[in-house]
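Colleague: Pick one part of this model and go through it closely for me, then work outward until I can see how the rest hangs around it. Keep it informal, but stick to what the coordinates say.

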Amino acid sequence: MNALAYTEDQLDALGELVNIAVGQAGASLARVLDTYVRLSVPQARVVSAAAVSRAVTELTPEGTHDTVVRQAFFSAMRGEAIVLFGRQGGRGIGDLLGYQAFHDAASEEVLLDVSNILVGAVLSGLGEQIGARFGFQAPTVLGRETELSELLEPAAVPWSQALLIEVDFEVESRGFSCHLVLLMPEDAIERMRAVLNRMLAAL
Amino acid sequence: MNAPDSNDPQLLAGLIGQLNVGLFVLDPEFRLRLWNRFMELNSGRSAAEVLGRVIFDLFPEVDEPWLRKKVETVFQIGGYAFTSANQRPYLLRFDHHRPVTGGIDYMRQDCTFLPLQGPDGRIAHVGVSIVDVTDKIISEVQREEALARLGDISIRDGLTGIFNRRQLERSLEAEVSRVRRYGGELSVVMFDIDHFKQINDSYGHRAGDEVIQAVVGYTCGVLRQPDIAGRYGGEEFTLILPETGAQGAMVVSERLRETLERADIHVGGQSLGVTVSVGLSSFRADVADHEALLDEADRALYRAKSDGRNRVVMYRPANP
Amino acid sequence: MTMPILVVDDSTMSRKLLLKALPEDWDVSVTQASGGEAALDVLRQGGVDVMFLDLTMPGVDGFEVLRRKGEEGLDCITIVVSADIQERAVEQALELGAQAFVKKPVEADRIRQALEELGLV
């Protein structure tokens, strides 16, 4: 049905790659915050532009997410990371990142810091395994959910298929949670397939 | 060892020196290990002066607990870190280069923190780049202000700042459909300035404008928090009084009339006695729509005029 | 003597990578499980000497397997093989009765080291 979709073996291998990368990201965040970070089982799949906007809308039922941060990354595989933060935002963990006062700008800064740590760590973990080094743009605050769904409007994006990776991070004791979405459009799907095939062939 | 290439130390030193981007390097003890020309020029401190010294001792304006954590995180996990002028205006307090047209206090800075590996592969230093984004921030601010003004222009009356007729009708329409759906009370008031034409004729249009502004000023003083005021046109004004029945609207209208009657409104050093005529109507289920309600208030206003001005008349369904 | 081992991971590739990383001179018979519930079923039948256990799995995860294994008194040496490498994850796995912790991606040397420390090879 979908020429770009991965086989079951490829998906399995991708899942494990991502699992390891996410584990490293969790460990990085845990070290910085000096607390335990609960990780969900990450999901990885190829989706169409229409499904992305649907998937992300499902992830952001009205009122459950407050701040959305996006960050672009680039190398052989380009993409964008979207981090959706729970209602509590960064309130619970600001002090762990060296923020004392907690006005609006500071709370955004906390979320930008957390996004940057997670996105950087997930991609460096992924990069280590596939032999790529990623460059990063500074993360920016997107604002409200409507803006995100507008950005992902199928008609508005210049791609039809993307590799989608998602995972939750949670610091229970601090009431902090976020959902990380990595989107890598079109040619990243094929590049990743080549990597996965090499890995599978080596088994 | 190498053919001349981009890693030539002299080339690199020249480049770092001349770059129009601030660059400095910190060691794990927060001592400065590099300080380029951009930093020298903007801080007024030479490299010789700062190298080897702890940044917090040199620049007390730096938020120490925050910067410590930020830099330590880069040492710890070896990734980039960023700050944006949108959230944190600056890292180091530098003057900006738009002293004439700026309207902003200090240089706005986007910063990137770069992990620098030592020979053993561990992060030995953290480099920091500072990009002057003052111009970008100024134009963003100007754009936002312009957008806000545009938004305002489309809904507000330019002379008085209260809603224009279109926005007023839109608000009234929303209020009418709200009470129709959820119940509650709603009144609408129309009033105009008595003998306004004479003021215009005797003192000029400028004076007329000043009177209108003064009347709006006094009117806003009488209104309560949820009340909405708009200029319907010329010297005619409309008030929307949500959650207010006929009796309450009568009280507000009478207070308005009295306030203006006693108000000391000056034009060109001369005190004018300004009065207003007021018509009002309250919502009932049989009112067709917001236009009908406005029309009723207008008819009551006409009655107030014909009954001798400087008075309040309530619309009565049986006896219009 | 052949040692019966159980490899628990939701990823097929991950199980294969682990099997590849086991010392060649270690004589084992392998049972595989792709989830926590299936792993517990195998353990309940008895006869497993060493279990390699992933922590992050959908449904019954590795921590839960360790917990129930303890409660039910199921006996086998457990080596946790995990991508979640936070200190707290390691501590908790050991507290729940795991004998060793090896991080993913698995390296043959680390596996051998763990097996040697446990006197298995």
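Modeller: Let's start at B:Val25, whose bridge partner in E5(B) is B:Gly127. Keep in mind that this is a predicted model. The pair belongs to a longer match: strand E1 (residues 22–26) and strand E5 (residues 123–132) of chain B run antiparallel and are joined by five bridges. Zoom out a little and you get an open sheet of five strands in chain B, ordered E2-E1-E5-E4-E3 with antiparallel pairing. Strand E2 (32–35) and strand E3 (81–83) of chain B sit at the edges with a single partner strand each, so one side of each has no neighbour in the sheet. Ignoring direction, neighbouring strands in this sheet are turned by 20° against each other on average.

Where does this sit in the chain? Chain B splits into domain 1 (9–141) and domain 2 (158–314). The C-alpha centres of these two domains of chain B are 58 Å apart.

Further along chain B, strand E6 (186–193) is worth a closer look. Which residues of E6(B) are buried on each side? On one side they are B:Leu186, B:Val188, B:Met190 and B:Asp192, and on the other B:Ser187, B:Val189, B:Phe191 and B:Ile193. That is eight buried residues out of eight, so E6(B) is largely enclosed by the rest of the structure.

Its strand partners are easy to trace. E6(B) pairs with E8(B) in the antiparallel sense over seven bridges, and B:Leu186 stands opposite B:Pro242 in E8(B). E6(B) is also joined by seven bridges to strand E11 (residues 276–282) of chain B, again antiparallel. There, B:Ile193 has B:Val276 of E11(B) as its bridge partner.

Now for the backbone oddities. Most residues other than glycine have a negative phi, and most peptide bonds are trans. B:His195 goes the other way on phi, with a positive value near 55°. You'll find B:His195 in the loop between strand E6 (186–193) and helix H8 (196–203) of chain B. Is B:His195 buried or partly exposed? Since buried takes 20 or more neighbours, the 14 C-beta neighbours inside 10 Å make B:His195 partly exposed.

B:Glu243 also has a positive phi, of about 55°, and is not a glycine. B:Glu243 lies in the loop between strand E8 (236–242) and helix H10 (246–262) of chain B. With 14 other C-beta atoms within 10 Å, B:Glu243 counts as partly exposed. For a peptide bond, go to chain C: the one from C:Lys104 to C:Pro105 is cis, with omega near -5°. C:Pro105 is placed in the loop between strand E5 (100–103) and helix H5 (108–117) of chain C.

From there, on to how the chains meet. Two pairs of chains touch, and the pair with the most contacts is A and C. Chains B and C share no contact, and their closest C-alpha atoms lie 13 Å apart.

What does the contact of chain A with chain B take from each? There are 19 residues from chain A and 17 residues from chain B. On the chain A side, helix H1 (8–33) and helix H3 (104–130) each supply at least two residues. H3(A) gives the largest share, nine residues. By class, this side of chain A has ten nonpolar, six polar and three charged residues.

H1(A) turns up again in a packing with helix H1 (residues 12–21) of chain C, where the axes are 7 Å apart and the angle is about 75°. That angle makes H1(A) roughly perpendicular to H1(C). In this packing A:Asp12, A:Ala13 and A:Glu16 of H1(A) meet C:Thr12, C:Met13 and C:Ser14 of H1(C). Sorted by class, the residues of this helix contact are two nonpolar, two polar and two charged.

As for chain A itself, its secondary structure comes to five helices and eight strands. Along the sequence of chain A the pattern reads α-β-β-α-β-β-α-β-β-α-β-β-α. Of the 203 residues in chain A, 49% are buried. And if you take contacts in chain A between residues at least 6 apart in sequence, 72% of them join residues at least 24 apart.

Key. Residues numbered from 1 in each chain as written. Chains lettered and ligands numbered in written order. Predicted model: local features only at pLDDT ≥ 70, side-chain atom pairs only at ≥ 80, totals over all residues. Contact = placed C-beta atoms within 7 Å. Helix = DSSP H or I, 4+ residues; strand = E, 2+ residues; numbered from the N terminus. Nonpolar A, V, L, I, M, F, W, Y, C, P; charged D, E, K, R; others polar. Domains from an automatic or database assignment. Buried ≥ 20, exposed ≤ 12 C-beta atoms within 10 Å, placed from the backbone. Axes fitted to C-alpha atoms, helices over the stretch in contact; angles between N-to-C directions. Parallel < 35°, antiparallel > 145°, perpendicular 65-115°, else oblique. Pairing = 2+ DSSP bridges.
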